[in-house]
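Have your structure viewer open and a pencil to hand. The exercises below can be worked through in order, and each comes with a solution.

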Amino acid sequence: PPLAMADEDAVSCVAEQLSLAGVSVDALVRETGLRPSDVLAALVELELDGRAERDVDGSVRRGQNLPS
């Protein structure tokens, strides 16, 4: 079966929690109330769009293509 795309509401919810300082995936799960799999799927879409970036410590921060 084909892989499901992340729900746009989940993508928006995760994007709203991103900052330039970076946040852990665990914190995103807590803050959004989404399932970990939904947060990870949303992050993949955001990363592919350049709206999120992973730091070397595993945290995620706002990408250059995500408006402030």
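The exercises that follow concern a predicted model, and they go from the overall fold to single residues.

**Exercise 1. Describe the fold as a whole.**

Task: Find how many helices and strands the protein has, and in which pattern they follow along the sequence.

Solution:
- Step 1. Count the elements: there are three helices and two strands.
- Step 2. Read along the sequence, and the pattern that appears is α-α-α-β-β.
- Step 3. Turn to burial: 34% of the protein's 68 residues count as buried.
- Step 4. Look at the contacts with a separation of 6 or more: residues 24 or more positions apart account for 44% of them.

**Exercise 2. Work out how α1 and α2 pack.**

Task: Decide whether α1 and α2 are roughly parallel or roughly perpendicular to each other.

Solution:
- Step 1. Take the geometry: the two helices pack at an angle of about 115°, and their axes are 10 Å apart.
- Step 2. Angles of 65 to 115 degrees count as roughly perpendicular, and α1 and α2 are therefore roughly perpendicular to each other.
- Step 3. Identify the residues that make the contact: Cys13, Val14 and Gln17 come from α1, while Leu28, Glu31 and Thr32 come from α2.
- Step 4. Add the handedness: α1 and α2 cross in a right-handed way.

**Exercise 3. Bring in α3.**

Task: Determine how α3 is oriented relative to α1 and to α2, and which residues meet.

Solution:
- Step 1. Start with α1 and α3, whose axes come within 9 Å and cross at roughly 80°. These two helices are therefore roughly perpendicular to each other.
- Step 2. List the contact: α1 offers Glu8, Ala10, Val11, Val14 and Ala15, and α3 offers Val39, Ala42, Leu43, Glu45 and Leu46.
- Step 3. Pick one pair across the two helices. Ala15 lies in α1 and, at 10% relative accessibility, counts as buried. The C-alpha atoms of Ala15 and Ala42 are 8.4 Å apart in space, although the two residues are 27 residues apart in sequence.
- Step 4. Move to α2 and α3: their axes come within 9 Å and cross at roughly 115°, which makes α2 roughly perpendicular to α3. This crossing is right-handed.
- Step 5. Name the partners: Val25, Leu28, Val29 and Thr32 of α2 meet Pro36, Val39, Leu40 and Leu43 of α3.

**Exercise 4. Find the nonpolar core.**

Task: State which residues of the largest nonpolar core touch the most other members, and which helices each supply at least two residues of this core.

Solution:
- Step 1. The largest nonpolar core has 16 residues, and those touching the most other members are Val14, Leu18, Leu28, Val39, Leu43, Leu46 and Val60.
- Step 2. Map the core onto the helices: α1 (8-17), α2 and α3 (36-48) each supply at least two residues.
- Step 3. Follow one member outward. Leaving aside residues up to four places away in sequence, Leu43 touches Val14, Val25, Leu28, Arg54 and Val60.

**Exercise 5. Look closely at α2 and its end.**

Task: Say which residues of α2 are buried, what covers them, and where Thr32 fits in.

Solution:
- Step 1. The buried residues of α2 are Val25, Ala27, Leu28, Val29 and Thr32.
- Step 2. Recall some helix geometry: an α-helix has 3.6 residues a turn, so residues three or four places apart point the same way.
- Step 3. Ask what lies over the buried residues of α2: the cover includes α1, α3, β1 (52-54) and β2 (60-62).
- Step 4. Zoom in on Thr32, which belongs to α2 (residues 25-32). The cut-off for buried is under 20%, so Thr32, at 15% relative accessibility, counts as buried.
- Step 5. Check its surroundings: beyond four places away in sequence, Thr32 touches Cys13, Val14, Gln17 and Val39. A polar atom of the Thr32 side chain also lies 3.2 Å from the backbone nitrogen of Leu34.
- Step 6. Continue just past the helix, where Gly33 takes a positive phi of about 75°.

**Exercise 6. Compare two less buried positions.**

Task: Classify Ser24 and Glu16 as buried, partly exposed or exposed.

Solution:
- Step 1. Ser24 sits in the loop between α1 and α2 and, at 34% relative accessibility, counts as partly exposed.
- Step 2. Glu16 is in α1 and, at 62% relative accessibility, counts as exposed.
- Step 3. Give each a distant partner in sequence: Ser24 and Asp57 are 33 residues apart in sequence and 9.0 Å apart in space, C-alpha to C-alpha. For Glu16 and Arg62, 46 residues apart along the chain, the C-alpha separation is 9.3 Å.

Note on methods:
Residues are numbered from 1 along each chain as its sequence is written. This is a predicted model: local features need pLDDT of at least 70, side-chain atom pairs count only at pLDDT 80 or more; totals for chains, interfaces and linings use all residues. Side-chain values use heavy atoms; hydrogens and water are left out. Helices (H or I, at least four residues) and strands (E, at least two) are DSSP runs, numbered from the N terminus. Buried means under 20% relative accessible area, exposed over 50%, partly exposed in between (1.4 Å probe, protein chains only). A polar contact is a pair of N or O atoms within 3.5 Å; within protein, one must be able to donate a hydrogen and the other to accept it, and residues adjacent in sequence count only if both atoms are side-chain atoms. Contact means heavy atoms within 4.5 Å. A nonpolar core is a set of buried Ala, Val, Leu, Ile, Met, Phe, Trp, Tyr and Cys residues joined through side-chain atoms within 4.5 Å. Axes are lines fitted to C-alpha atoms, for helices over the stretch in contact, and angles run from 0 to 180 degrees between N-to-C directions. Angles under 35 degrees count as roughly parallel, over 145 as roughly antiparallel, 65 to 115 as roughly perpendicular and the rest as oblique. A crossing is left-handed if the near helix is turned anticlockwise from the far one by less than a right angle, and right-handed if clockwise.
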